[in-house]
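Hi,

Here is the structure I said I would pass on to you. Have a look first, and my notes on what turned up follow underneath.

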Amino acid sequence: MTRSRILFSFAALCLSSLLAYPLLFGGASVVPDDQLQEIVYVDTESGVAFLLRARNSLESHPETGETTLIPGMYCAQCQSWKPVGPLEILQTSRTMHRCPVHKTIMLRDGPLPDSP
Ligand SMILES: [Zn+2]
């Protein structure tokens, strides 16, 4: 095997790992919008609920543009959505979120508000 052949196969190896890199590591961080889960965000100002793609923990209000929307959960007794907190808390926390009024455990599912 000549030196140039070794160099060539080394270059080919580098190239293939560069090509494989986005497939192995890049895919997880870039999720197309239509694959994002839709969750209910609640406006901390008005208490109005919105159905939005779960992209960030804070979302802008579709009308005011203020970042006052945070992920919420549903209280069956209030029959309304309550702001809970960041996505990470909502998705990973095992603690039960209770309604501030009824102290009952709130649900992730409920009647969905309209998408803006
Ligand atoms: Zn309640």
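Let me start with one residue, leucine 52: it has 20 other C-beta atoms within 10 Å and therefore counts as buried. The cut-off for buried is 20 or more such atoms, so keep that number in mind for what follows. Before going on, one caution: this is a predicted model.

Leucine 52 sits in strand 2, where it is the bridge partner of isoleucine 39. Leaving out residues up to four places away in sequence, leucine 52 touches Glu38, Ile39, Tyr41 and Glu59. Leucine 69 is another residue you can find from here: 17 residues separate the two leucines in sequence, and their C-alpha atoms are 9.9 Å apart in space.

Now the overall picture. The chain has two helices and four strands, and from the N terminus on they come in the order α-β-β-β-β-α. There are 116 residues in the chain, and 16% of them count as buried. If you take the contacts with a separation of 6 or more, 45% of them are between residues 24 or more positions apart.

The strands make up an open sheet with the order 2-1-3-4 and antiparallel pairing. Strand 2 and strand 4 are the edge strands, each pairing on one side only. On average, neighbouring strands of the sheet are turned by 55° against each other, direction ignored. As a reminder, strands of a sheet pair through backbone hydrogen bonds, either parallel or antiparallel.

Going through the pairs:

- Strand 1 and strand 2 run antiparallel and are joined by five bridges. They form a hairpin with five residues between the strands, and glycine 47 in that hairpin has a positive phi near 80°.
- Strand 1 and strand 3 also run antiparallel, with three bridges joining them. Here valine 42 stands opposite isoleucine 70 in strand 3.
- Strand 3 and strand 4 pair in the antiparallel sense over four bridges. In this case glycine 72 stands opposite proline 83 in strand 4.

How enclosed is strand 1, and why? Five of its six residues are buried, so strand 1 is largely enclosed by the rest of the structure.

That leads to the core. The largest nonpolar core has 14 residues, and those that touch the most other members are Val40, Tyr41, Val42 and Trp81. Strand 1 (38-43), strand 2 (49-53) and strand 3 (69-75) each supply at least two residues of this core. Which strand gives the largest share? That is strand 3, with five residues.

Valine 42 is a good place to zoom in. Apart from residues up to four places away in sequence, valine 42 touches Gly47, Ala49, Leu69, Ile70, Gly72, Trp81, Lys82 and Pro83. Some of these names have come up already: Gly47 is the hairpin glycine with the positive phi, Ile70 is the residue opposite valine 42, and Trp81 is among the core members that touch the most others.

Finally, two backbone details you may want to click on. Which residues other than glycine have a positive phi? I noted two examples:

- Glutamine 79 has a phi near 55°, a positive value in a residue that is not glycine. Glutamine 79 lies in the loop between strand 3 and strand 4 (80-83). Glutamine 79 counts as exposed because it has 9 C-beta neighbours inside 10 Å, and the cut-off for exposed is 12 or fewer.
- Lysine 103 is not a glycine either, yet its phi is positive, at about 60°. You will find lysine 103 in the segment after helix 2 (87-92). With 9 C-beta neighbours inside 10 Å, lysine 103 counts as exposed too.

If you want a route through the model, start at leucine 52 in strand 2, cross to its bridge partner isoleucine 39, then go on to valine 42 and over to isoleucine 70 in strand 3. From strand 3, glycine 72 takes you across to proline 83 in strand 4.

Cheers

Key. Residues are numbered from 1 along each chain as its sequence is written. This is a predicted model: local features need pLDDT of at least 70, side-chain atom pairs count only at pLDDT 80 or more; totals for chains, interfaces and linings use all residues. Two residues are in contact if their C-beta atoms, placed from the backbone, lie within 7 Å. A nonpolar core is a set of buried Ala, Val, Leu, Ile, Met, Phe, Trp, Tyr and Cys residues joined through C-beta atoms within 7 Å. Two strands pair if DSSP finds at least two bridges between them. Axes are lines fitted to C-alpha atoms, for helices over the stretch in contact, and angles run from 0 to 180 degrees between N-to-C directions.
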